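The following exercises concern helices and the way they pack. Work through each task with the sequence and the structure in view before reading its solution.

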Amino acid sequence: MSESEYKSKDATYAEDTQVPQVGSTIGATAESQALQRRRQEEQIRATINRKLEESGERERIEELLRTKLIECGWRDELKHFCKEVVKNKGLEKISVEELVAEITPRGRATVPDSIKAELLNRIRKFLQTN
């Protein structure tokens, strides 16, 4: 084999066998673990939702939520905010989807912590007994 052929093969081998950098390997491992954790969480959520649905507990919790939100005035506040958004943007210039996108963050952010805690405790008790 001539010296030029040897160098050519050596260069090809070096290109094909590049060693990944340590930092990228660690980052990829952490990313893989995070993805795996997300998948596990999704599976757990799906199982919990299925149990809640099958038992009828989900419907009871949703009814409790509706009642609590009405009692604390949350529903009326959000209704008022909706009217303001429509008034500012114009009834003909805003779609239902745009309105929902506009009010959803505020709606979620203004649910009282006490109601969230109560619902979470109810779900926990349900899971302990089922």
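**Exercise 1.** Is the crossing of α4 and α5 left-handed or right-handed?

*Solution.* The model is a predicted one. Two packed helices are described by the angle between their axes and the distance between the axes. Begin with these two values: the axes of α4 (residues 74-89) and α5 (residues 96-109) cross at roughly 145° and come within 10 Å. The crossing of α4 and α5 is right-handed.

**Exercise 2.** Determine which residues of α4 and α5 meet, and sort them by class.

*Solution.* From α4, the residues involved are Trp74, Leu78, Phe81, Cys82, Val85, Val86 and Lys89. Their partners in α5 are Leu99, Glu102, Ile103, Arg106 and Gly107. By class, this contact of α4 with α5 has eight nonpolar, one polar and three charged residues.

**Exercise 3.** Compare the expected span of α3 with the distance between its end C-alpha atoms, and locate its buried residues.

*Solution.* Helix α3 has 15 residues, 57-71, so at 1.5 Å a residue it should span 21 Å. Its end C-alpha atoms are 21 Å apart, in agreement with this value. Buried in α3 are Glu57, Ile61, Leu64 and Leu69. They lie on the same side of α3, because they cover an arc of only 130° around the axis. Just after α3, Gly73 has a positive phi of about 90°.

**Exercise 4.** Is Glu57 buried or exposed?

*Solution.* Glu57 belongs to helix α3. Its relative accessible area is 9%; the cut-off for buried is under 20%, so Glu57 is buried. Apart from neighbours within four places in sequence, Glu57 is in contact with Leu52, Arg122 and Phe126.

Technical notes: Residues numbered from 1 in each chain as written. Predicted model: local features only at pLDDT ≥ 70, side-chain atom pairs only at ≥ 80, totals over all residues. Heavy atoms only, no water. Helix = DSSP H or I, 4+ residues; strand = E, 2+ residues; numbered from the N terminus. Expected span 1.5 Å × (residues − 1). Buried < 20%, exposed > 50% of the residue type's maximum accessible area, 1.4 Å probe, protein only. Arc of directions from axis to C-beta. Axes fitted to C-alpha atoms, helices over the stretch in contact; angles between N-to-C directions. Left-handed = near helix turned anticlockwise from the far one by under 90°. Contact = heavy atoms within 4.5 Å. Nonpolar A, V, L, I, M, F, W, Y, C, P; charged D, E, K, R; others polar.
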